[in-house]
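Got a minute to go through a model together? Let's ask why things get called what they get called.

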Amino acid sequence: MGILEVSNVNKRFGGLQALGDVNLDVAEGTVHAIIGPNGAGKSTLLNVLVGKLIPDTGTVMFNGISVLGRKPYEINQLGISRVFQTPEIFTDLSVFENMLIPCFAKRDGAFRLHALESIAAEKQLIEKAEHMLAEVNMADKRHMIASSLSRGDKRRLEMAMCLVQEPRLLLLDEPTAGMARADTNNTIDLLNEIHEKRDITMVIIEHDMHVVFSLAKRITVLAQGTPLVEDTPENIKGHPKVKEAYLGE
Ligand code: ADP
Ligand code: MG
């Protein structure tokens with residue numbers, strides 16, 4: 001049984017079948033990539049997973065709990081975090097101030113503290129934020145205003161903001177889109193490091209094959225809204241159906 005189980009999901013936009021009978025089983029602790037040509041339904045599937053879209057039919061179970069019909073913040077509290085194509089950070093705040101936002105949001109969303117407990121808890125949260133920044137090698141940039149960071153560092157900060165919430169599943173939507181090669185390779189290294197250290201499950205939607213083959217342990221190929229093949233990266237590379245789906249890309 002996977003940590004994430006998508007069964008028979010269908011989604012139509014008018015006459016267009018954006019997702020057709022999608023079944024997907026993501027094993028706990030893996031890095032699972034979903035690839036496919038433009039218009040294959042990748043973003044639609046991701047939006048279903050994070051509660052932004054409700055499918056016409058089918059179920060999505062995370063850790064045995066149905067995700068469908070829950071608000072995005074509720075899904076986040078279940079332990080699913082999403083990294084957006086454009087880093088979602090507060091550009092006029094410092095790096096450290098950015099880190100504190102998810103820390104306090106999680107605390108205040110999850111449970112209420114008594115006044116006496118809150119000082120000790122606050123200290124703990126601050127330490128946690130500091131620790132996380134060090135883990136993504138940004139401790140020395142904690143006082144910088146986020147808008148002045150490089151694109152790669154903005155991504156690092158966003159990753160740290162996600163991870164400090166201790167999600168069990170990280171959803172990544174083209175995490176290197178628009179990046180220069182050096183920043184792309186940095187992000188790949190960072191994601192591999194995080195995966196090794198934290199054993200966190202990742203689902204990555206990605207167009208760039210260099211990124212896919214540098215990260216994924218398992219790959220599902222979507223074509224016209226339906227999974228075409230699912231296999232290891234080695235087997236996907238030479239798969240005739242995959243070559244066919246990408247022809248003309
Ligand atoms: P991908 O992310 O793989 O490029 P999408 O999931 O964005 O593909 O889109 C799948 C198909 O659904 C495309 O044909 C797209 O035009 C269509 N589509 C996506 N969102 C909508 C929408 N909100 N309304 C109508 N059609 C949509
Ligand atoms: Mg897309």
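Here are some questions and answers on the ligand shell, two helices, a loop residue and the domains.

This is a predicted model, where local features need pLDDT of at least 70, side-chain atom pairs count only at pLDDT 80 or more, and totals for chains, interfaces and linings use all residues. Residues are numbered from 1 along each chain as its sequence is written, while chains are lettered from A and ligands numbered from 1 in the order in which they are written.

Q: What makes a residue part of the group around ligand 1, and which residues are they?
A: The test is a C-beta atom, placed from the backbone, within 6 Å of the molecule. F13, L16, A18, G36, N38, G39, A40, G41, K42, S43 and T44 are the residues around ligand 1. The elements giving two or more of them are β2 (16-26) and α1 (42-49); helices here are DSSP runs of H or I, at least four residues, and strands are runs of E, at least two, numbered from the N terminus. The largest share, 3 residues, comes from α1.

Q: How does the shell around ligand 1 split by class?
A: There are 4 nonpolar, 6 polar and 1 charged residues. Ala, Val, Leu, Ile, Met, Phe, Trp, Tyr, Cys and Pro count as nonpolar, Asp, Glu, Lys and Arg as charged, and the others, Gly among them, as polar.

Q: Why is T232 called exposed or buried?
A: Exposed means 12 or fewer other C-beta atoms within 10 Å of the residue's own, buried means 20 or more, and partly exposed is in between, with C-beta atoms placed from the backbone. T232 has 11 such neighbours inside 10 Å, so it counts as exposed. T232 sits in the loop between β10 (226-231) and α8 (233-237).

Q: What makes α5 mostly covered?
A: Of its 13 residues, 11 are buried, including D153, K154 and R155.

Q: How do you know where the buried residues of α1 lie around the helix?
A: K42, T44, L45, V48 and L49 are the buried ones in α1. Down the axis of α1 they fall within an arc of 165° (taken over the directions from the helix axis to the C-beta atoms), so they line one face of the helix.

Q: Where do the bounds of domain 1 and domain 2 come from?
A: They come from an automatic or database domain assignment, which gives domain 1 (1-79 + 167-249) and domain 2 (90-150 + 157-164). Their C-alpha centres lie 27 Å apart.
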